[in-house]
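Here are my notes on the model you sent over, as numbered points. Have the structure open while you read.

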Amino acid sequence: MDKEQLDRYLQANPFEQLNKIVFSLLFDDITRLIIAPGTKLNVAQIATDLNISRTPVTEALKMLFNIGFVETIAGKSGFYVSSIKREEISKLYTAREMIESKAASLCAMLHPCPNIEELEKLAYQYKEGFMVNDYDVIRNVDIPFHELIIESCGNTHIQQCYTLLKQQIHRYQWFSINVSRNDAENPVAQDLIP
C-alpha cells in the first residue's frame, strides 16, 4: 500500500471518505496476504506512506477491528492483523453452506431459474480450473458463482445474511488458495471436507 495506490483509488472514487479508502486498501492487502497475519499495523508509518494524517488510518483500523481483520493483543499496544484459525474457517464455511444451499434450493424452485446460463458457465470454468490446479481461475470464479446464487434466490434476508459473511469469505478464500498452492495436502481444505 502506497501513495500511488491511494491516488488511483481517489481518482476512481473522488467523493469517498479517506478513512473508507484506507480501509479498502488495508482490507485488500490483508485479504491477499500482502500483510500477513500477526503483523503489527503501525499507524504512523501507514500515514507517512500514504501522506495523510493518522486520524483516517486509526478510523480504518477500527473498522477492520469491527469485522475481525485486526485485533489487539493483551499487553501490547496497537493493532495486529488477526490470525486465521482453522476452527473459524470451518465455522464460516458451515454458515456459508447453510445460506447458499437454501438459496440454491429457492433458485431451483423458480421456473426458469434466474441466471442459470451464467451459473452453468461459472461452474464449468471452476471445474476446469480445479482440474488443472489453476488457482487464479478458481479464485476469480468461485465468489462470483456463489454471489450469483445468492442474488438469484430472490430472498432479501438471505442476501443480507450473505453480505455479513462476504468479507470474511474473501479473506479465507485467498488464504485457502494460497495454502493449496503451497501445500499439496492442503490442511485447510481437509478440515472442510465433510
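1. A bit of vocabulary before anything else: a residue is called buried under 20% relative accessible area, exposed over 50%, and partly exposed in between. Keep in mind, too, that this is a predicted model. Glutamine 17 makes a handy test case: its relative accessibility is 45%, so it counts as partly exposed. You'll find glutamine 17 in the loop between α1 and α2. Glutamine 17 and proline 56 sit 39 residues apart in sequence, yet their C-alpha atoms are 8.7 Å apart in space.

2. On to the cysteines. How many disulfides does a search of the whole structure find? Zero. Cysteine 107 shows why: its sulfur is 4.5 Å from the closest cysteine sulfur, that of cysteine 113, which is too far for a bond, given that a disulfide needs the two sulfur atoms within 2.5 Å. Cysteine 153 is in no disulfide either, with the nearest cysteine sulfur, in cysteine 107, 5.7 Å away. As for their surroundings, cysteine 107 has a relative accessible area of 3%, so it is buried. Cysteine 153, at 6%, is buried as well.

3. Salt bridges next: the structure holds seven of them. The general idea is simple enough, in that side chains of opposite charge can pair when their charged atoms come close. Helix α1, residues 3-12, has a pair made of lysine 3 and aspartate 7, which are four residues apart, or about one turn of the helix. Their side chains meet at 2.9 Å, N to O. Lysine 3 is at 31% relative accessibility and therefore partly exposed; aspartate 7 is also at 31%, and partly exposed too.

4. Glutamate 4 and arginine 8 also lie in α1, again four residues apart and about one turn of the helix. They form a salt bridge whose closest N and O atoms are 3.0 Å apart. Glutamate 4 comes out as exposed because its relative accessible area is 53%, while arginine 8, at 45%, counts as partly exposed.

5. Now have a look at helix α5, residues 86-109, where glutamate 100 and arginine 96 are four residues apart, about one turn of the helix. The closest N and O atoms of this salt bridge are 2.9 Å apart. Are these two partners buried or exposed? Both glutamate 100 and arginine 96 are buried. There is also a network to pick out: Glu87, Glu88 and Lys91 are joined by salt bridges that share partners.

6. If you're hunting for open space, try the second largest pocket, which has about 180 Å³. Which helices each supply at least two residues of its lining? They are α2 (18-31), α7 (135-152) and α8 (156-182). The largest share comes from α7, with four residues. The lining residues include Phe27, Asp28, Arg32, Arg139, Asn140, His170 and Trp174. Among the others in the lining are Thr31, Ile143, Pro144 and Gln173.

7. There is a nonpolar patch on the surface worth clicking through: Tyr126, Phe130, Met131 and Val132 make up about 440 Å². Phenylalanine 130 belongs to helix α6, residues 116-131. With a relative accessible area of 52%, phenylalanine 130 is exposed, because the cut-off for that class is over 50%.

8. Last, some backbone angles. Most residues other than glycine have a negative phi. Asparagine 51 has a positive one, near 60 degrees. Asparagine 51 lies in the loop between α3 (43-50) and α4 (54-66), and its relative accessible area of 60% makes it exposed. Asparagine 115 likewise has a positive phi, near 60 degrees. Asparagine 115 is found in the loop between α5 and α6 and is partly exposed, with a relative accessible area of 32%.

Key
Residues numbered from 1 in each chain as written. Predicted model: local features only at pLDDT ≥ 70, side-chain atom pairs only at ≥ 80, totals over all residues. Heavy atoms only, no water. Patch = residues over 30% accessible without salt bridge, like charges linked within 9 Å, V, L, I, M, F, W, Y side chains within 5 Å. Areas by Shrake-Rupley, 256 points an atom, 1.4 Å probe, with all protein chains shown as cover. Salt bridge = Lys/Arg side-chain N within 4 Å of Asp/Glu carboxyl O. Buried < 20%, exposed > 50% of the residue type's maximum accessible area, 1.4 Å probe, protein only. 1 Å grid on protein atoms, 1.4 Å probe; cavity = no way out; pocket = protein on both sides within 12 Å on 5 of 7 lines; lining within 4 Å. Points joined across faces, edges and corners; volume = space filled by probe spheres on them.
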